[in-house]
Amino acid sequence: SLGRHAAVLTTVSPAIYRLAIADGKVAFEDWDPTAPFPRGALGEIRAGHRISILPLVGCIGPCGPKISRVLDDEAGRRAHVEALVGLVAADRSDGIFVDYEDVDAKPASVTAFYRELGAALHARGAKLGVALQEVALDGGGEEQGDHAVHVGGAFGREAQRLIRPLHQAPP
């Protein structure tokens with residue numbers, strides 16, 4: 001259990017939220033509505049340990065194209081960033097972990113989203129974690145596989161710098 005192993009963990013990202021998007025409006029709902037995550041337990045676990053909690057917010061499958069339209073709209077993106085920052089404040093968590101799959105937004109919109117969200121969270125002393133599925137690292141926007149995302153611009157260059165060594169053959 002998480003409680004038993006909290007002493008050796010530095011960061012956890014429990015899957016707590018998923019996005020519900022309708023008419024360009026984004027709401028957060030329990031990842032599994034039939035078994036809501038026991039949020040109160042996280043505070044108890046953290047109380048005796050130095051552990052960062054970054055709740056995971058997921059968007060998978062048909063959600064990807066919907067969040068893409070939000071990210072491509074400047075006002076929608078700004079509202080979504082504010083809502084995520086508000087979620088961190090309401091949960092009293094150490095930040096947020098974003099796992100958005102099948103995103104087909106413009107590369108500049110994706111870069112702007114992560115840059116804006118990171119800046120807003122960091123200004124409040126919070127952290128941002130990002131799941132990078134099969135990332136298109138060539139900078140040209142070519143997708144690889146069913147769940148590829150394009151990370152362009154400065155974010156893409158930084159992802160290349162961090163990830164490329166992981167794909168090199170061991171010595």
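Here is a walk through this structure, from its confidence to its sheet, a helix and a ring cluster.

What you have in front of you is a predicted model, so let's start with how far the predictor trusts it. The protein chain averages a pLDDT of 78, and 75% of the residues score at least 70. Confidence is highest in helix H4, at 95, and lowest in strand E9 (residues 149-150), where the mean is 46. Two stretches deserve a cautious eye. Over residues 136-150 the pLDDT is below 50, though this stretch still has 35 contacts in the model beyond near neighbours in sequence. Residues 163-171 also have a pLDDT below 50, and here the model shows 5 contacts beyond near neighbours in sequence.

Now for the sheet. Five strands make up an open sheet, and if you step across it you meet them in the order E3-E2-E5-E6-E7, with mixed pairing. E3 and E7 (127-130) are the edge strands, each pairing on one side only. Direction ignored, neighbouring strands of this sheet are turned by 30° against each other on average. As a reminder, strands of a sheet pair through backbone hydrogen bonds, either parallel or antiparallel.

E2 is a handy strand to follow. With E3, E2 pairs in the antiparallel sense over 6 bridges. One of the partnerships to look up is that of Ala-22, whose bridge partner in E3 is Lys-25. The hairpin of E2 and E3 has 2 residues between the strands, and Asp-23 takes a positive phi near 55° there. Turn to E5 and the sense changes: E2 and E5 run parallel and are joined by 3 bridges. Among the residue partners, Ala-15 is matched with Leu-56 in E5, while Tyr-17 is matched with Val-57.

Next, look at helix H3, residues 63-72. Which of its residues are buried? They are Cys-63, Gly-64, Ile-67, Ser-68, Val-70 and Leu-71. Looking down the axis of H3, you'd find these buried residues within an arc of 160°, so they line one face of the helix. The spacing makes sense if you recall that an α-helix has 3.6 residues a turn, so residues three or four places apart point the same way. And what covers the buried residues of H3? The cover includes strands E2 (15-22), E3 (25-30), E5 (56-59) and E6 (95-100), along with helices H4 (74-91) and H5 (107-123).

H5 is worth a visit of its own. This helix lies across E6 and E7, running at about 150° to E7. H5 also takes part in some ring packing. The structure holds 3 aromatic pairs. In one of them, the rings of Tyr-100 and Phe-113 have their centres 5.9 Å apart and their planes at 15°, so the pair is stacked. Tyr-100 sits in strand E6 and Phe-113 in helix H5, so this pair ties together parts that are 13 residues apart in sequence.

Are these two rings' residues buried or exposed? Tyr-100 counts as buried, at 2% relative accessibility, and Phe-113 is buried too, with a relative accessible area of 0%. Phe-113 has another ring partner: its ring and that of Tyr-114 have their centres 5.1 Å apart and their planes at 55°, so that pair is tilted. Tyr-114 is buried, as is Phe-113. Put the pairs together and Tyr-100, Phe-113 and Tyr-114 are linked into a cluster.

Conventions
Residues are numbered from 1 along each chain as its sequence is written. This is a predicted model: local features need pLDDT of at least 70, side-chain atom pairs count only at pLDDT 80 or more; totals for chains, interfaces and linings use all residues. Side-chain values use heavy atoms; hydrogens and water are left out. Buried means under 20% relative accessible area, exposed over 50%, partly exposed in between (1.4 Å probe, protein chains only). Helices (H or I, at least four residues) and strands (E, at least two) are DSSP runs, numbered from the N terminus. The arc is that of the directions from the helix axis to the C-beta atoms. Contact means heavy atoms within 4.5 Å. Rings of Phe, Tyr and Trp (its six-membered ring) pair if their centres lie within 6.5 Å; planes under 30 degrees apart count as stacked, over 60 as edge-to-face and the rest as tilted. pLDDT is the predictor's confidence in each residue, from 0 to 100. Two strands pair if DSSP finds at least two bridges between them. Axes are lines fitted to C-alpha atoms, for helices over the stretch in contact, and angles run from 0 to 180 degrees between N-to-C directions.
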